[in-house]
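Thanks for coming, everyone. Please have a look at the structure on the screen, and I will walk you through it.

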Amino acid sequence: MQRPYYCSYRHRQPPSFPAISRGRQLFWQFAAGIAIGCNILYLHWRWTASLNPDAVIFSIIVVMAETLFAVGTALFFYDVWQEGDTTRSSPPRQRQEAALDDLTTSAQHTRHKPIAPIAVDVFITTYDEDATLVADTIKGAKNLIVPTGCSVQIYVLDDGSRPAIAALSRNQNVSYLSRSDNIGFKAGNLRNGLFHSDGDFVLICDADTILLPHFLQNTLGYFRDPQVAWVQTPHWFYDIPSGISPLKILRRLWPQAPWRLRALLFRLSGNRTVMQDPYLAEPTIFFDIIQRRRNLHHASFCCGAASIHRREAVFEVALTQKARAYIQIPSTPAAKAMTPPLQPYRFHVSEDLYTSIDMHCAKARWRSVYHPEVEAKMLSPRSLEAFCTQRLKYAGGSIDLMLRDLPPLRKNMPWQHRLHYAATFFSYLTALWAPILLLAPAYSLVTGIAPVTAYSFEFFLYFFPMLISHEIAMVATSKGHSLTNGRYLAIATLPLQLRAFALVLQGKRPRFPPTPKTESTGREFQFARPLIIWAGALSLAALYGVFRWLSGQNSFGLTFLLINLFWISWNIAMLVRLPLGAWLHAVCRTPQHPTAAPQPLSHPDKSVPHHAVSQ
């Protein structure tokens, strides 16, 4: 039997995420203030003194896009303004310590029968994943260290109703649950699990979520606060490729490359690698920067897997939503019979985000807690199909929720939470004006029209301080995490977000497809086509602009040409990073089924280490 690809990554240990230092936080906040000030000055100048009178419409469209980006920047800066980790506590040993029983009830239990332990249900949701993958997840759940006074029951929630998973569950001595339909998809699967279990807390795992042994020891203590509804932990993808050596790329693309060329390439690159994280899956910025800092206001939202929930909070919110829906339905027997079913987790593609919003709006003032340390490991997307499936689901669910419910305007939501959720949904709206700035340099080169009166000294006097101060602020807030892949990701997901907008506006509800857990299938071009087409269009515009300038058929100077060529080149690099990384990963990855041993080089180079040449 062939070993799954992820077996070779199991030795990796999770990273740690220390809190930001006091000095760095103050510097970041100072830099953010400077950046906002420079942005205001730049936009004031753009609106009042820089619009091109010969192309007013084009100028206004571009400056409107710049203004909306500035609004998004301000919301983002609010979103990540300050860290505020919740104080950790030891796991509760008795039910009243976790706000599960009052003292009177506990005293009665003590007189008449032993006090029940704090019950934790582990839900492993699966649909079509391989049994080997589910077996690893079950093993991780069974290796949990159970705190004193607690008990754990493991449930495999199989929405695929597969005999192989049922047999696996029996062999592993864990509970198996399935259902006759797939109503509500993952949310409905979780509801079915809740209706067939009675644990005080529910720990949610996807089919690839391998819990680390100390998960319960490090998270249950937060529930000493009776208002804590759930605790979210970071997602850590332990299988992200660490990069490909240039020598390996050369060997795969040109197997007969001269040995002298290989030797030269090795001397130039050494053991360095390129295209780390080819599918842009690394979630550190989102979890350690955004989610962690939202925790200051208890506003971090649930991300599904590797989270643990208080059953009481889940059902309290579900009952409130059902009662509200019942009241809003016309008061006829037939209409009342159509009341939506009880949904402990909302029947929505973004059930985790939707349920978080419901809880943050509840009159009970339920709180969320973000626990900043990794307590589980998961698998990342390993193909462009998996990447597009996952990102389209994220975008479609969030946009559908934004347009149909408008969470920032919900009743009972604290104003801090409103701004945090506004930052989330505004980031998806960016897809509506980001293409304007992406394509504006190409339009300028093709038409010879600039969105400003001139690229003069005055323009750079306002533009450079705005740009540099923004970069300094972003580096300061990132705590040393790389921002590069986040920028690639923002551009790479634009076609998917635009498609999601189109589907939602057409009335098509987002689907619930699970993210494929397999390696690349070689169909990378199919899913990268929009990015490649955009990059190709920008390239043609750049060539046309250069041709016009060289032939003298233009009305613009060298500065105009160089500035627009710079931005076009930057945008092309952003567009091609994902398809290029995915293609190289597919080409250079080690085959699952080894073929014949490679033939020795005809001209071995004694000056190059053997392991380097063999790559």
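I will go through the strands, then the cavities, then a few single residues.

One caution before we begin. This is a predicted model. Please keep that in mind throughout.

Let's start with the strands. Find strand β1, residues 118–126. Now find strand β2, residues 150–158. These two pair in the parallel sense, over nine bridges. If you want one pair to look at, take V120 in β1: its bridge partner in β2 is V152.

How does the chain make a unit out of β1 and β2? Helix α4, residues 131–142, joins them in a β-α-β unit. That unit is right-handed.

Next, move to strand β3, residues 175–177. β2 pairs with β3 as well, again in the parallel sense, over three bridges. Here the pair to look at is Y155 and S175, with S175 on the β3 side. The crossover from β2 to β3 runs through helix α5, residues 163–172. This β-α-β crossover is right-handed too.

A general point while you look at strands. In a regular strand, side chains alternate between the two faces of the sheet.

Now the empty space. Rolling a probe the size of a water molecule over the atoms shows where such space is left. How many cavities of 30 Å³ or more does a search of the whole structure find? Two.

Take the largest cavity. Its volume is about 60 Å³. Which residues line it? From the early part of the numbering we have P15 and F17. Then come P234, H235 and W236. E282, P283, T284, F287 and D288 follow. Y370 and V374 complete the lining.

Which element gives the most to that lining? Helix α10, residues 284–294, with three residues. By class, the lining has eight nonpolar residues, two polar and two charged.

On to the second largest cavity. This one has a volume of about 40 Å³. Its lining includes V314, V317, A318 and Q321. Q343, P344, Y345 and R346 belong to the lining as well. So do T355 and D358. Two elements, α11 (311–328) and α13 (351–361), each give two or more residues to this lining. α11 gives the most, with four. The classes here are five nonpolar, three polar and two charged.

Let's turn to single residues. First up is K479. You will find K479 in the loop between α17 (457–477) and α18 (484–492). Is K479 buried or exposed? Its relative accessibility is 15%, and the cut-off for buried is under 20%, so K479 counts as buried. What does its side chain touch? A polar contact of 2.8 Å joins the side chain of K479 to that of E83. Another polar contact, at 3.1 Å, links the K479 side chain with the side chain of D288. You have met D288 already, in the lining of the largest cavity.

Next is T430. This residue sits in the loop between α15 (415–429) and α16 (434–447). T430 has 18% relative accessibility, so T430 counts as buried. Now look across to A490. T430 and A490 are 60 residues apart along the chain, and their C-alpha atoms are separated by 9.4 Å.

V587 is next. V587 is part of helix α21, residues 558–588. With 26% relative accessibility, V587 counts as partly exposed. Its partner for this view is R252, 335 residues away along the chain. The C-alpha atoms of V587 and R252 are separated by 7.0 Å.

Last, two residues with a positive phi. F185 has a phi near 50°, and F185 is not a glycine. F185 lies in helix α6, residues 185–195. At 39% relative accessibility, F185 counts as partly exposed.

The other is L280. Its phi is positive too, at about 55°, and L280 is not a glycine either. L280 lies in the loop between α9 (259–269) and α10. Is L280 buried or exposed? With a relative accessibility of 3%, L280 counts as buried.

To recap α10: this helix gives three residues to the lining of the largest cavity, and the loop that holds L280 lies between α9 and α10.

That's the tour. Thank you.

How values were computed. Residues are numbered from 1 along each chain as its sequence is written. This is a predicted model: local features need pLDDT of at least 70, side-chain atom pairs count only at pLDDT 80 or more; totals for chains, interfaces and linings use all residues. Side-chain values use heavy atoms; hydrogens and water are left out. On a 1 Å grid over the protein atoms alone, a cavity is a set of points where a 1.4 Å probe fits but cannot get out, and a pocket is an open set with protein on both sides within 12 Å along at least five of seven lines; lining residues have an atom within 4 Å of a point. Grid points are joined across faces, edges and corners, and a volume is the space filled by probe spheres set on the points. Ala, Val, Leu, Ile, Met, Phe, Trp, Tyr, Cys and Pro count as nonpolar, Asp, Glu, Lys and Arg as charged, and the others, Gly among them, as polar. Two strands pair if DSSP finds at least two bridges between them. A crossover is right-handed if, with the strands pointing away from the viewer, the path from the first strand over the helix to the second runs clockwise. Buried means under 20% relative accessible area, exposed over 50%, partly exposed in between (1.4 Å probe, protein chains only). A polar contact is a pair of N or O atoms within 3.5 Å; within protein, one must be able to donate a hydrogen and the other to accept it, and residues adjacent in sequence count only if both atoms are side-chain atoms.
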